[in-house]
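Trainee: I'm new to this one. Could you walk me through it and explain the labels as we go?
Mentor: Sure, let's bring it up.

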Amino acid sequence: MTEFIQQLVGNDILATIFMSFVPLIELKGGIVFARGAGIDFFYSLLFAYAGSTFVFFPIYFLLKPILNLIKKIKIFSKLAYKVENYFSSKAETAVKEDNGADKNNKKAIYLKQLGVFIFVAIPLPMTGIWTGTAIAVFLGLKFKEAILPALIGNLVAGLIISVLAEVCLSIWTIAVLDYILYGLFALAIILLIVVIIKIANSKPQDTK
């Protein structure tokens, strides 16, 4: 897998950044690829972090406007509501809110930021900067409130993956990272199919 990507892109640094930008692969795949390609610990983390962090900005500023635009297109409106409901439910899962509380007070904002941080920082399937930023948007966090927990969480996730990659290299040969990369791609495809099916089978709460 590593050799195929190297031949396809032709530049290991660009390949690392590009892979880190891809949803579900994200930082995890970028770091594993970079270490497998022979890029050292620091630069693997740096380039993968840069690629995945860039994702925050288009998602934060464009997700809701794009969904609102799609809602106006009759044949796609239900899909837009379903996607919106999916991320809204993710936001509710990340942060359990008190409906009677002021959602703009400092404690409520802090809990939302903590939820986003944890969701991005734990490098598990379906967590990461893509979903974490979407959660921040649907939690109603302002840009200045969302950016630090998302970016710091992404850095923590990167450090965890980098350390795990080093542990793998200390125990096994570099070839093991190639198998892990195959696994990440296979898992990403499976999860993508699961999410699509879940969204398709959900019922939009509002189609006005």
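**Reading the labels**

Mentor: α4 and α5 count as roughly parallel to each other. Keep in mind that this is a predicted model.

Trainee: What makes α4 and α5 roughly parallel?
Mentor: Helix α4, residues 41-54, and helix α5, residues 56-71, pack at an angle of about 5 degrees. Angles under 35 degrees count as roughly parallel, so the label fits α4 and α5. Their axes are 4 Å apart.

Trainee: Which residues make the contact of α4 with α5?
Mentor: Ser52, Thr53 and Phe54 do it from α4, and Phe56, Phe57 and Pro58 from α5. By class that gives 4 nonpolar, 2 polar and no charged residues.

Trainee: And why are α1 and α2 called roughly perpendicular?
Mentor: Helix α1 (residues 2-9) and helix α2 (residues 12-21) pack at about 105 degrees, with axes 9 Å apart. The range for roughly perpendicular is 65 to 115 degrees, so α1 and α2 get that name. In this contact, Ile5, Gln6 and Val9 of α1 meet Asp12, Leu14, Ala15 and Met19 of α2. Those residues divide into 5 nonpolar, 1 polar and 1 charged.

Trainee: How do you know that Ser20 is buried?
Mentor: Ser20 has a relative accessible area of 0%. Buried means under 20%, so Ser20 qualifies. Ser20 sits in helix α2. Setting aside neighbours within four places in sequence, Ser20 is in contact with Glu26, Leu27, Gly30, Ala48, Gly51 and Ser52.

Trainee: Glu26 is on that list. Why does Glu26 count as buried?
Mentor: Glu26 has 5% relative accessibility, and the cut-off for buried is under 20%. So Glu26 counts as buried as well. You'll find Glu26 in helix α3.

Trainee: What is there to say about the phi of Glu26?
Mentor: The phi of Glu26 is near 50 degrees, a positive value in a residue other than glycine. Most residues other than glycine have a negative phi. Leu24 is another one to look at, with a positive phi of about 75 degrees although it is not a glycine. Leu24 lies in the loop between α2 and α3.

Trainee: Now the empty spaces. How many cavities of 30 Å³ or more does a search of the whole structure find?
Mentor: That search finds 1. About 60 Å³ of space lies in the largest cavity. Glu26 turns up again in its lining, and others there include Leu27, Lys28, Val120 and Ala157. The elements giving two or more residues to that lining are α3 (26-36) and α9 (143-171), and α3 has the largest share, with 3 residues. The classes come to 6 nonpolar, 3 polar and 2 charged residues.

Trainee: What makes something a pocket rather than a cavity?
Mentor: In a cavity the probe fits but cannot get out, whereas a pocket is an open set of points. The largest pocket holds about 670 Å³ of space. It is lined by 29 residues, and the closest to its centre are Pro23, Val83, Phe87, Trp130 and Val195.

Trainee: Which element gives the most to the lining of the largest pocket?
Mentor: α5 does, with 7 residues. Among the elements that give two or more are also α6 (74-94), α8 (129-138) and α10 (175-201). As for class, the lining of the largest pocket has 25 nonpolar, 2 polar and 2 charged residues.

Methods
Residues are numbered from 1 along each chain as its sequence is written. This is a predicted model: local features need pLDDT of at least 70, side-chain atom pairs count only at pLDDT 80 or more; totals for chains, interfaces and linings use all residues. Side-chain values use heavy atoms; hydrogens and water are left out. Axes are lines fitted to C-alpha atoms, for helices over the stretch in contact, and angles run from 0 to 180 degrees between N-to-C directions. Angles under 35 degrees count as roughly parallel, over 145 as roughly antiparallel, 65 to 115 as roughly perpendicular and the rest as oblique. Contact means heavy atoms within 4.5 Å. Ala, Val, Leu, Ile, Met, Phe, Trp, Tyr, Cys and Pro count as nonpolar, Asp, Glu, Lys and Arg as charged, and the others, Gly among them, as polar. On a 1 Å grid over the protein atoms alone, a cavity is a set of points where a 1.4 Å probe fits but cannot get out, and a pocket is an open set with protein on both sides within 12 Å along at least five of seven lines; lining residues have an atom within 4 Å of a point. Grid points are joined across faces, edges and corners, and a volume is the space filled by probe spheres set on the points. Buried means under 20% relative accessible area, exposed over 50%, partly exposed in between (1.4 Å probe, protein chains only).
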